[in-house]
Amino acid sequence: GGDDGYRLWLKYEPVKDLSRKAHYLKYSSFISDAVHSEITGSAAKELQMALNGLVGKSVPVVAKVAGRRGGIVFSLGPDSTLMPLQQEGYQIREVSGNIVIRSATEGGILYGAFALLRHMQTGQSLSGVNVKSTPKVRYRMLNHWDNPDGTIERGYAGSSLWKWYELPERIDPRYEDYARANASLGINGTVLNNVNASARFMSREYIVKVAAIAAVMRRYGIRTYLSVYFAAPKTLGGLTTSDPLDPKVRAWWSEKVAEIYREIPDFGGFLVKANSEGEPGPQDYGRTHADGANMLAEAFKPYDGIVIWRAFVYKADPNADRFKAAYEEFVPLDGKFDPRVIVQVKNGPIDFQPREPFSPLFGNMPGTPLGMEFQITQEYLGFAAHAVYEAPIFKECLDADTYVKGQGSTVAKVIDGSLHGYTRTLMAGVANTGSDRNWTGHPLAQANWYAFGRLSWDHQLTSEQIANEWIQLTLTRQPKPGAHIQALMLRSREIYVDYNTPLGLSRPWMGVHFAPEPWQSRGARPDWTATYYHRADSAGLGFDRTANGSGALAQYRPQVQQQWNDPENTALPYLLWFHHVGWDKKLGTGRTLWDELCHRLYTGADSVVWMQQQWDLARTGLDNRIYADVAGRLKVQRREAIWWRDAWVLYLQTFSKQPVPKGLEPPR
Ligand code: GCW
């Protein structure tokens, strides 16, 4: 039968190379799990299932090694001198004819088992194997924007995986497969519900449902978290206020958290969107984000849970620069948060645009652990129709230099705690999963879930490495087809940017956040207008954020300002983020702004044809169903890329009053 994508990167297909298969069989006589815990049990079960697929053998699980050779051995060596991160690390070594997976924790053994399987699925030798790895970030989690009615905000792969109606009685087998996929990447937390949270999740009825999912996650070392509605004490608890300094409100949250821990002893904590896009929060009572977060943190004191407070805030002020808002509200609160709080910051200052400069908050809150929020779901990246490999987006931000402690103060070092000594470190990704059989709608979007997970474990992996690994595990191990797919993936983001938002252009968001209507105002808020984000006028295009404009650049260190202060020296991908540039201004490429824009929009749209060619060249290495699925989506992408190109050109022409340059075909 064809491949429907359900098994993701955990396919465990028979090893074709016979000598390789014989080699793996040498280590497939037994699996020794002397630990015999829930989590190591999951590891043993996974290895059994995988070896059955890879080498066609049912491998017994035994307790003790007892002098046996030729098996896989779990070795748990608790070590209280290790830091929490090192505890989760693992080592895989060949020791006297056995493959030993060693870790200080059960979770580490599970990660080691998955790493061993990755090693085998990519055809590597086990003789003398010595692989060691430790995560760089402590909380590695997915954020689901899933609603209780089964819809997913910004979800493009069907409806929610969580079947609230059937819970807690029926446990969908898919919960376990979800947990396996995440654990295989080292993800150890999941926030089940939307940050635009329903108070319902704090009800007894839902806590019991959540507990049933948490029980599945626990077996894979994943802790369950919930997003909370800040006004729940009022709307659910019947109090007259949700003021975080009110003793009754504080007592309500403490009791609520206690109730949750009675059902879910390893509950992870709360994620909070407050005073953001109309959500309630402490500011409704004249209090600060810190007051709100600290109240919740206090409720977690008796437990090992955390509060993740989002920094995604901006006011409905058409004269303000939204770019500056999070910094303005949060930097003054640095040092005021309870140690149980992590402030979660989106990678860019606005909102998951195809390319943004890094958020100026990174590095500017040395006294507060800052977590990263990436968006895996393709809200602004063509939903499930466009192929956009996101690892380069994540890496671009992680590798950016904040200069807060001199050269080399990368965002990654802020996030992994090494720059400011944070021990509670976090990387979160807004999930792209849903009820579609293949989990992510677009088959290539599986790679984005994969890349996020791998980077949350080790942000030093490269986009190339991750793509290569994912292709081998998921699509094909044939080198030539693999190389074409990798080329397609690695260029896909730049191609998208070219036809969608070239040169640092921003666009107004419409209701669905993906429709080329750059002229349209939503009308709901005074800042959600036609030209607010891109500032097109008869003179030119782009948002002046220098001292002559909004002054947002001043939120960065001088070395960063230097990169972006002068329109003559600003790298073209960031140009219109920081400058209002005249239509006839000559750029470094020798073209005027107008010509360069047209050029990129056209080349971008045409490059989708190149992507189609790469995919066709890979066909011989691909399963027919996957081939056809992606080929169809690439056709949609081609059509929509032209649509974007033409919409931008026609719209911006109303300001520039210039024709499409010669050599580029006129828009139809
Ligand atoms: O830009 C917005 C998204 C919203 C999302 C919000 C956020 C969950 O369009 O759908 O709400 O970001 O991150 O809070």
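In what order do the six strands of the open sheet lie? The model is a predicted one, and in it the order reads β2-β1-β3-β5-β4-β6, with mixed pairing. The edges of this sheet are formed by β2 (61–62) and β6 (130–133), each of which pairs on one side only. Inside the sheet, β1 (residues 31–32) pairs with β3 (residues 72–76) in the parallel sense, over two bridges. One residue of this pairing can be picked out by name: Ile31 has Ile72 in β3 as its bridge partner.

A record can be set beside this part of the chain. An unreviewed UniProt entry places the feature "domain: Alpha glucuronidase N-terminal" at residues 8–116. In the model, the span 8–116 is 38% helix and 19% strand. The C-alpha atoms at the two ends of residues 8–116 lie 17 Å apart.

Gly56 sits in the loop between α2 (38–55) and β2. Is Gly56 buried or exposed? A residue counts as exposed if 12 or fewer other C-beta atoms lie within 10 Å of its own. Gly56 has 12 other C-beta atoms within 10 Å, so Gly56 is exposed. Gly56 also shows that sequence and space are separate matters: Gly56 and Glu13 are 43 residues apart in sequence, while their C-alpha atoms are 9.4 Å apart in space.

Next comes helix α6, which covers residues 204–218. The length of this helix can be checked by a short calculation. The expected span is 1.5 Å times one less than the number of residues. For the 15 residues of α6 the expected span is therefore 21 Å, and the end C-alpha atoms are 20 Å apart, which agrees.

Which residues of α6 are buried? They are Tyr206, Ile207, Lys209, Val210, Ile213, Ala214 and Met217. These buried residues pack against two helices, α5 (174–185) and α8 (247–263), and against two strands, β8 (189–191) and β9 (223–228). Arg204 is also found in helix α6, but Arg204 counts as exposed because it has 9 C-beta neighbours inside 10 Å. Arg204 and Glu259 are 55 residues apart in sequence and 8.3 Å apart in space, from C-alpha to C-alpha.

Strand β9 leads on to further pairings. β9 runs parallel to strand β10 (residues 269–272), and four bridges join them. Here Ser227 stands opposite Leu271 in β10. β10 in turn pairs with strand β11 (residues 306–310), again in the parallel sense and over four bridges. In this pairing, Phe270 has Val307 in β11 as its bridge partner.

The model also holds a ligand, and twelve residues surround it. The closest of them are Glu153, Val195, Asn196, Phe312 and Asp351. What is the make-up of the shell around the ligand, in nonpolar, polar and charged residues? Three residues of the shell are nonpolar, three are polar and six are charged.

The last stop is Gln407, in the loop between α11 (391–398) and α12 (411–415). Gln407 has 8 other C-beta atoms within 10 Å, so this residue is exposed. In sequence, Gln407 and Gln559 are 152 residues apart, while in space their C-alpha atoms are 8.7 Å apart.

Notes. Residues are numbered from 1 along each chain as its sequence is written. This is a predicted model: local features need pLDDT of at least 70, side-chain atom pairs count only at pLDDT 80 or more; totals for chains, interfaces and linings use all residues. A residue is buried if 20 or more other C-beta atoms lie within 10 Å of its own, exposed if 12 or fewer, and partly exposed in between; C-beta atoms are placed from the backbone. Two strands pair if DSSP finds at least two bridges between them. A residue is near a molecule or strand if its C-beta atom, placed from the backbone, lies within 6 Å of it. Ala, Val, Leu, Ile, Met, Phe, Trp, Tyr, Cys and Pro count as nonpolar, Asp, Glu, Lys and Arg as charged, and the others, Gly among them, as polar. Two residues are in contact if their C-beta atoms, placed from the backbone, lie within 7 Å. UniProt positions are given in the numbering used here, feature names are shortened, and annotations may be inferred rather than shown by experiment.
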